[in-house]
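This report introduces a protein structure to a reader who has not met it before. Please view the sequence and the structure together while reading.

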Amino acid sequence: MKPRRLMALLIACLLLAAAGCGGGGDDESGDSGDKSITFWLAEDVAQRVAAIETIVKGFQEKSGVQVKVVAIAEDQLATQIQTASAAGTLPDVMGPMSLGLVQNLATDDLADPDAANEVVESLGRDTFSERALSLVSADGKPLGVPSDTWTQLLVYRKDLFEKAGLETPDTFDKIMAAATKLKQPGQNGIVAATKAGESFTEQTFEYFGLANGCQLTNDQGAIQLTSPQCVATFKFYDDLIKGGSAKGGQDVDTTRAAYLAGKAGMIVWSSFLLDELAGLRNDALPTCEQCRSDKRFLSDNSGVVTAITGPDGGQPAQFGEISNYVIVKDGNLDPAKQFVEYMLSDGYVDWLAVTPEGRFPARSGTKDNPEEYNEAWSKLEVGVDSKAPLSELYGPEVLAALTKSTDTMNRWGFEQGQGKIVGALAAEQPIPKALAAMLDGQLTPDGAAKQAQADVEEIAQSIE
């Protein structure tokens, strides 16, 4: 494995959802009749692991298949894969795996697309999000089986927008107008990621880039960051932050803190913010003035935009991540396929319930009840220290937007068949570096696009 690819694999593991050489488990039994499998769970939060082990127990009782669950911290997963691959002790199933990690596993001939395709066909291809399947597929077959998604959101203060006479911020022009009008002493119009070297910054820029028709590559793999659409997105980001946001580097923690404190009219963040807006997590409580007497003030007064549109984009688009089950090539395939089918049917609602705010169904329902899982998801309780149903916290228009978000989700590189480049970029974050230099005044938007183009081209060439 080339050094860059190994590093990309490691970083991809770190990016698994806010929110990751042959297989065959430990016994190398293949399909010889053995009814036991090993499942590597890319999760190490004790409460979540316990909940997932309970789901797995239900599968064991129903199927008679014994499942060894191995919970692995995300930052250890790449090392474990490398070690197990060399020793011939890879598991039979891995999950949840990000799109980038699935691509890396497939590139290294570890994933079994035929097995994944059989599971999808058995459950019903039409019951899955078409977008989720397209992003995880190559040569007409899914490399993994889509399970759930989280999405990047633009969350905004409905009360402030109404008072200022502003429209829903779902286009570049409306976002810019709101950011500049709401920028006041002690309050930012918007907070969004700006730090170099942070995946959160790349995700935020990709969100805007996709909305404006900016693509990382073309179908032949040529880098496109100096295209008119991408240069325009760099300029929009520069104007947005300098005209409507805070000075200095912003990251996951600082942006969230500003919005929770009532010091921002908008925020770009992942869907994992939804329970925190309602005061359900003690280490991230709302602290705005109104929140002192009403801990749900922000959830009651926040609107959600999923897909946005730039002037050069044409179609609304958004950034998001799809989590997938990967069936390992040469593993114990029949029970492995049974297990994945169970996790996406009988065990599916319980799986989504582990963190509903960051697990939107990639499978909306069954053949007989096409909306079964979407409807069940909307009633699940979210929160850490306190819990409440999503349907109690947010109106039907918000829940409808969230359940449909997977269908408007996009990711650059994957639809062009260049997912391996996306995985490689995660190690060095060249785009956030160019953005940070631009926002510091070291580069113009055009210069930032050219620097990002050159750096990404160098990385792409190194993995050929």
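Are Cys288 and Cys291 buried or exposed? Both Cys288 and Cys291 are buried.

## Model and confidence

The structure described here is a predicted model. The average pLDDT of the protein chain is 90, and 93% of the residues score at least 70. Residues 1-32, however, have a pLDDT below 50. In the model this stretch nevertheless makes 106 contacts beyond near neighbours in sequence.

## Disulfides

A disulfide is a covalent bond between the sulfur atoms of two cysteines. The structure contains 2 disulfides. With bonded cysteines counted along the protein chain, their pattern is 1-2, 3-4.

One disulfide links Cys214 with Cys230, at an S to S distance of 2.0 Å. Cys214 belongs to the loop between α9 (199-211) and α10 (228-244), while Cys230 lies in helix α10, so the pair ties together parts that are 16 residues apart in sequence. The torsion about the S-S bond of Cys214 and Cys230 is about 95°, and the disulfide is therefore right-handed. Cys214 and Cys230 are both buried.

Another disulfide joins Cys288 to Cys291, with an S to S distance of 2.0 Å. Here the torsion about the S-S bond is about 85°, so this disulfide is right-handed.

## Helix α19 and the residue after it

Why can helix α19 be described as largely enclosed by the rest of the structure? The helix spans residues 419-428, and 7 of its 10 residues are buried, so the rest of the structure largely encloses it. The buried residues in α19 are Gly419, Ile421, Val422, Gly423, Ala424, Leu425 and Ala426.

Gln429 follows just after α19 and takes a positive phi of about 50°.

## Pro432 in helix α20

Helix α20 covers residues 430-439 and includes Pro432. The relative accessible area of Pro432 is 0%, which means that this residue is buried, since the cut-off for that term is under 20%.

Which residues does Pro432 touch, not counting residues up to four places away in sequence? On that basis, Pro432 touches Lys195, Ala196, Gly197, Glu198, Thr201 and Glu202. Pro432 can also be placed relative to Phe200: the two residues are 232 residues apart in sequence, and 8.8 Å apart in space from C-alpha to C-alpha.

Definitions and conventions:
Residues are numbered from 1 along each chain as its sequence is written. This is a predicted model: local features need pLDDT of at least 70, side-chain atom pairs count only at pLDDT 80 or more; totals for chains, interfaces and linings use all residues. Side-chain values use heavy atoms; hydrogens and water are left out. A disulfide is a pair of cysteine sulfur atoms within 2.5 Å. Helices (H or I, at least four residues) and strands (E, at least two) are DSSP runs, numbered from the N terminus. Buried means under 20% relative accessible area, exposed over 50%, partly exposed in between (1.4 Å probe, protein chains only). pLDDT is the predictor's confidence in each residue, from 0 to 100. Contact means heavy atoms within 4.5 Å.
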